[in-house]
Amino acid sequence: MHSHSRSICIPAIFTILLTVPAWAQSQNAPIQITADLSDAPRKLFHAEIDLPVAAGPLTLITPKWIPGDHRPTGPVDGITGVVFTANGQTLPWRRGDVDLYEFHLTIPAGVTTLHAHLDAITLTNVSPKLAYLEWDKLMLYPANVPVRDIPIQPSVIVPAGWGLGTALTPIGDGAYPVPASGSTTHFAVTNVEQLEDGPVLTGQYFHEFALAPEISPKHYIDVASDMAEDSNLRPEALAEIANLVRETDALYRSHHYNQYHFLLSLSDTAGGLGLEHGQSSENGIGEKEFSDGDHQLGDADLLAHEFTHSWNGKYRRPVGLYQTDFATAQQGALLWVYEGMTQYLGNVLAARSGLRSQAQYRDVLAISAANLDCTPGREWRSTADTAVAASILRDGNPAWANWKRGQDYYDEGELVWLDADTLIRKMTNNQKSLDDFQKIFLGKGGNTGPLIVTYTFDELVRDLNEVVPYDWATFLHDRVDKINPRADLAGIERGGYKLVYADKPNPSETVMTANAPPTANVGVNAWYSIGLRVSADSEIKDVRWNGPADKAKIVPGSKIIAVNGQVFSPDALGAAIRDAKGKSEPIRLIVQLDNFVSIADIDYHDGERYPVLQRVEGMPVYMDDITKPVAPPAPAQSKSTTENPER
Ligand SMILES: [Zn+2]
């Protein structure tokens with residue numbers, strides 16, 4: 001159930017949702033859905049679904065626009081083995097000719113319950129040892145009804161001995177989070193909107209830890225791993241994650257969940273994952289990424305990012321990104337707030353919590369700022385357009401990605417909100433900050449259960465003006481909507497640092513490169529020198545538009561066979577770039593494109609270049625103020641984390 005605060009201004013769209021449609025009025029009974037994950041190690045889920053129905057035509061549908069994915073990723077293509085039965089008879093069905101997510105049936109007279117069986121072929125976010133259940137993989141429910149008006153009661157069967165973690169409310173025998181062998185775990189009735197938002201993580205090697213127990217409501221981290229030793233997180237990591245709960249509590253001063261579960265999978269094969277939910281988040285990283293501080297660095301902001309989305313993205317949602325069903329297209333125009341401000345806050349909270357040091361925060365920011373500043377696509381495409389076009393920019397093909405631009409609204413948004421934060425601090429002599437804005441924008445309405453309240457650009461501007469009066473509308477339009485050939489580095493500079501290029505990677509880039517998962521295939525970063533991204537196995541991922549390698553007519557997707565007469569290796573390429581410094585001879589590559597080999601001479605003589613933030617002496621150091629812890633210290637008698645006993 002959703003609770004609603006009376007003090008909040010709820011937009012008109014929101015009020016409409018509260019009216020109960022004819023379908024829901026006629027159906028008191030919830031849909032019953034049992035997800036059987038017994039075959040999850042074989043990448044197959046099964047579902048048994050009982051739907052209350054009345055005689056006549058019925059259209060069932062499965063989700064298309066998955067919240068948080070920002071594109072129509074609903075896995076309808078994996079739904080297979082579909083059989084509908086009623087009163088012991090199999091009923092025929094026909095797919096929608098226009099909307100392929102629809103199943104059309106005619107319910108015979110006298111039938112009040114329709115049974116559906118289906119299997120879901122699930123190739124991502126599962127491994128032989130763990131699985132995420134995202135309910136959109138196997139949900140069927142009536143079409144053309146607001147999903148929050150459809151009651152549904154979920155149950156889950158997991159492989160024998162596997163634990164499970166979820167923010168869904170369990171009912172029954174208390175066997176959760178490690179159910180008795182072969183048993184079914186039942187959860188309280190919810191609605192289709194909330195069930196889609198309530199994933200389950202299950203795994204053979206499973207631990208649940210309570211975090212910062214002095215804070216209410218309760219927070220847990222549920223960890224499943226491919227290898228037995230990884231899911232029992234080391235105490236230092238748990239202490240930092242508990243700090244994240246405290247720092248987030250201090251920053252937002254409100255919450256919109258009954259309890260919160262970080263779901264964390266550690267696997268080199270299940271695939272990377274970061275998906276936000278109101279009361280939980282799915283976080284999938286490499287199996288050793290929490291094994292020590294160095295391995296942790298690359299994804300150190302992931303938990304903070306997805307947790308922040310419970311406020312920024314789930315509770316407060318751009319008006320076009322919220323739709324009353326999962327069939328209607330979501331509009332991304334304000335993703336530079338939804339994702340961009342979350343990118344900023346996730347990195348800030350990671351530093352405040354100790355998941356990253358302040359120096360590591362700056363190193364990582366240098367890497368993303370330099371990348372944006374050397375993205376020539378910004379000469380034709382605004383940041384706003386990367387947000388509007390989000391659903392067609394998520395394919396991740398690196399070829400000419402710098403000329404096309406990708407999902408830059410994340411990192412561009414981070415720079416814009418750092419710019420705003422430092423500007424507020426400067427205008428108020430460091431008495432106010434973007435933290436004060438969060439207390440207004442994300443904190444209005446006080447504490448509630450799961451709740452979605454939409455917002456517009458104008459509300460952002462109003463709330464910023466409440467912190468400090470300024471022409472915030474122009475500030476945001478200039479940075480987001482206009483063509484800006486250079487990245488917004490004003491926040492870094494006002495914060496006491498400047499972006500420069502050194503001849504060695506910054507310490508964090510070195511650590512992240514050395515500790516990247518094997519699947520990352522990290523090679524040579526020659527982007528800021530000759531303008532090439534090259535994988536360890538010699539493939540040219542991208543060529544910087546108008547850079548030295550572009551002028552040598554090198555093509556993304558080529559392989560480098562030789563460098564200055566030597567067989568390619570990452571070290572040979574680095575040495576060639578260093579050796580060419582101050583000389584006149586080009587760097588000579590032999591490259592293979594498809595079945596053809598050619599010579600490319602790169603006329604470049606400035607040596608290796610890597611981004612770093614350099615302190616500007618005499619300036620206020622707002623960036624260091626921003627990344628300092630703000631939460632009160634944990635009570636001395638309270639342990640940061642405890643292994644959660646079976647509940
Ligand atoms: Zn995000």
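Here are some notes on this predicted model, going from the whole chain down to single residues.

1. Overall build. The chain carries 20 helices and 34 strands. Its radius of gyration is 26 Å, close to the 26 Å the globule rule gives for 647 residues, so the chain is as compact as a globular protein of that length. If you want a feel for the outline, the C-alpha atoms fill a box of roughly 85 × 65 × 45 Å along the principal axes.

2. Burial and contacts. Of the 647 residues, 57% count as buried. Among contacts with a separation of 6 or more, 73% are between residues 24 or more positions apart. On the outside, the chain exposes about 25,200 Å², and carbon and sulfur atoms supply 53% of that.

3. The zinc site. Which protein atoms hold the zinc ion? The donors are NE2 of H305, NE2 of H309 and an OE atom of E339, at 2.0 to 2.1 Å from the metal. Along the sequence, the spacing of these donor residues reads H-x3-H-x29-E. H309 and E339 tie distant parts of the chain together, as they sit 30 residues apart. H309 belongs to the loop between α6 (302-308) and β23, while E339 is in the loop between α7 (335-338) and α8 (340-353). Both H309 and E339 are buried.

4. N312. Have a look at this one too, since N312 shares the loop between α6 and β23. Is N312 buried or exposed? N312 counts as buried because its relative accessibility is 0%, and the cut-off for buried is under 20%. A polar atom of the N312 side chain lies 2.9 Å from the backbone oxygen of V337. Leaving out residues up to four places away in sequence, N312 touches V337, Y338, M341, T342, F441, L442 and Y455.

5. P318. Next comes strand β23 (residues 316-318), where P318 is found. With a relative accessible area of 1%, P318 is buried. What does P318 touch beyond residues up to four places away in sequence? The list is L334, Y338 and Y455. Y338 and Y455 also turn up among the contacts of N312. The C-alpha atoms of P318 and Q331 are separated by 8.6 Å, with their positions 13 residues apart along the chain.

6. A four-stranded sheet. Elsewhere, β9, β10, β17 and β13 form an open sheet in the order β9-β10-β17-β13, with antiparallel pairing. β9 (126-127) and β13 (163-166) stand at the edges with a single partner strand each, so one side of each has no neighbour in the sheet. How many bridges join β13 to β17? There are four, and β17 covers residues 200-203. As a handle for checking the register, G163 stands opposite G203 in β17.

7. M512. Last on my list is helix α17 (residues 507-514), which includes M512. Setting aside neighbours within four places in sequence, M512 is in contact with L297, G298, V364 and I367. M512 and Q296 are 216 residues apart along the chain, yet their C-alpha atoms are separated by 8.7 Å.

Terms used: Residues are numbered from 1 along each chain as its sequence is written. This is a predicted model: local features need pLDDT of at least 70, side-chain atom pairs count only at pLDDT 80 or more; totals for chains, interfaces and linings use all residues. Side-chain values use heavy atoms; hydrogens and water are left out. Two strands pair if DSSP finds at least two bridges between them. Helices (H or I, at least four residues) and strands (E, at least two) are DSSP runs, numbered from the N terminus. Buried means under 20% relative accessible area, exposed over 50%, partly exposed in between (1.4 Å probe, protein chains only). Contact means heavy atoms within 4.5 Å. Donors are N, O and S atoms within 2.8 Å of the metal (3.2 Å for Na, K and Ca); water is not among the atoms, so sites may look incomplete. The radius of gyration is taken over C-alpha atoms; the globule rule is 2.2 Å times the number of residues to the power 0.38. Accessible areas come from the Shrake-Rupley method with a 1.4 Å probe; for residues, only the protein chains shown count as cover. A polar contact is a pair of N or O atoms within 3.5 Å; within protein, one must be able to donate a hydrogen and the other to accept it, and residues adjacent in sequence count only if both atoms are side-chain atoms.
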